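Good morning, and thank you for making room on the agenda. I should like to take you through one structure, beginning with a single helix and moving outward from there.

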Amino acid sequence: MSEKDHDPFAPPVPRETTPRTGHTFDPLQPLPDHMQPAPLPKRKRGALKDVDTSETAFKAKAFMWSGTGAVMAMFLAMGLAIGSGHQDDVVTWMIAGFFLGWAVSYIIGMSVATGAGSGAAAIYMPSGSTTPMDRQYSLAQSYVARGRFAEAAAEYERAAVAFPTDPEPCLRLARVYRDELHQLEDAVLWFKRTCAVPNVSPGTDMMASREMIEVYTHRMRQPSAALPYLARLAARHPGTSAGEWAKKELAAMKAEMREEMREEMP
């Protein structure tokens, strides 16, 4: 799609407010008041608070286990008091050592536990987040379902720009151009963009390549333009059904082109 056809920074197209036939409300508009979920009840005074019981239990265990360090610190303080000639203040030293040891043991224990959790998170979630949910691109899909294909194409294009490592919006946009808008050159462009997405899966690459080749050969009647993409598909996916198909198609097209050249020769 050219910049003339679509400006990605242009304000969104106003949505229609007329409900669809057979529906009581527009799915893109807020729900009517009678369909809104009931508000959450207010918490009564004296009611139990929502707490993380597992975290509370862990902190309680850490606090209790810190008593071992407190006892050790108490006897250490007693030895220091006797060794330094403060026999009259042994009890004071022991009490101070006990509480100081408890606090230090608790702080160190919690720090170690937190560091271990962060290390595990860094190993299993190096990006700093959990596995992202699958993007459904529901707004673009709703446009397609209602036959608003130009708006669907614009929305898929925005998604492709927003998520450059996801081939899905590029592939869906190519199909909208091919099947609904019949803009075959734009369809070919976005099939190519699908294959160019970093780390695209082999299955998506084979699917987009084959669909692009079929647009060239069956829709645009330009089989010669498909030759480099047939060669690429056969070379990148040898031994697969798509790779073998590309290999046979490439050989057949080359033979047909040689035959045409012979016929044209005087």
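Let me start with helix H8, which covers residues 223-236, a run of 14 residues. From its first C-alpha to its last, H8 reaches 20 Å, close to the 20 Å expected at 1.5 Å a residue. Please bear in mind throughout that this is a predicted model. H8 does carry a bend, of about 25°, located at Tyr229.

Which residues of H8 are buried? They are Ala226, Leu227, Leu230, Leu233 and Ala234. The cover over these buried residues includes helix H7, residues 202-219, and helix H9, residues 241-264.

That brings me to the nonpolar core. As general background, nonpolar side chains in soluble globular proteins tend to be buried together. Here the largest nonpolar core has 36 residues. Trp190, Phe191, Leu230 and Leu233 are the residues with the most contacts inside this core. Two of these names, Leu230 and Leu233, we have just met among the buried residues of H8. The elements giving two or more residues to the core are helix H4 (149-162), helix H5 (168-181), helix H6 (184-196), H7, H8 and H9.

I turn next to the cysteines. A disulfide is a covalent bond between the sulfur atoms of two cysteines. How many disulfides does the model contain? The count comes to zero. Why is Cys170 not bonded to Cys195? The closest cysteine sulfur to that of Cys170 is in Cys195, and because the separation is 9.9 Å, the pair is too far apart for a bond. Seen from the other side, Cys195 is likewise in no disulfide, its nearest cysteine sulfur being that of Cys170. As to their surroundings, Cys170 is buried, with a relative accessible area of 4%, and Cys195 is also buried, at 11%.

Now to helix H4 and the loop that follows. Ala154 lies in helix H4 and is buried, with a relative accessible area of 11%. Its C-alpha is separated by 8.2 Å from that of Ala140, a residue 14 positions away along the chain.

Asp166 sits in the loop between H4 and H5. Is Asp166 buried or exposed? Asp166 counts as buried, because its relative accessibility of 15% is under the 20% cut-off. Its side chain is joined to the side chain of Tyr137 by a polar contact of 2.5 Å. The Asp166 side chain also reaches the backbone nitrogen of Glu168, at 3.1 Å.

Finally, a word on backbone geometry. Most residues other than glycine have a negative phi. Which phi value does Asn199 adopt? Phi of Asn199 is near 60°, a positive value in a residue other than glycine. Asn199 belongs to the loop between H6 and H7, and at 80% relative accessibility this residue counts as exposed. Arg221 has a positive phi as well, of about 55°, although it is not a glycine. Arg221 lies in the loop between H7 and H8 and is exposed, with a relative accessible area of 64%.

To draw the account together: H8 bends at Tyr229, and H8 is one of the elements that give two or more residues to the largest nonpolar core. Asp166 is a buried residue in the loop between H4 and H5, whereas Asn199 and Arg221 are exposed. I would be glad to take your comments.

Notes
Residues are numbered from 1 along each chain as its sequence is written. This is a predicted model: local features need pLDDT of at least 70, side-chain atom pairs count only at pLDDT 80 or more; totals for chains, interfaces and linings use all residues. Side-chain values use heavy atoms; hydrogens and water are left out. Helices (H or I, at least four residues) and strands (E, at least two) are DSSP runs, numbered from the N terminus. The expected span of a helix is 1.5 Å times one less than its number of residues. The bend at a residue is the angle between axes fitted to the seven residues ending there and the seven starting there. Buried means under 20% relative accessible area, exposed over 50%, partly exposed in between (1.4 Å probe, protein chains only). Contact means heavy atoms within 4.5 Å. A disulfide is a pair of cysteine sulfur atoms within 2.5 Å. A nonpolar core is a set of buried Ala, Val, Leu, Ile, Met, Phe, Trp, Tyr and Cys residues joined through side-chain atoms within 4.5 Å. A polar contact is a pair of N or O atoms within 3.5 Å; within protein, one must be able to donate a hydrogen and the other to accept it, and residues adjacent in sequence count only if both atoms are side-chain atoms.
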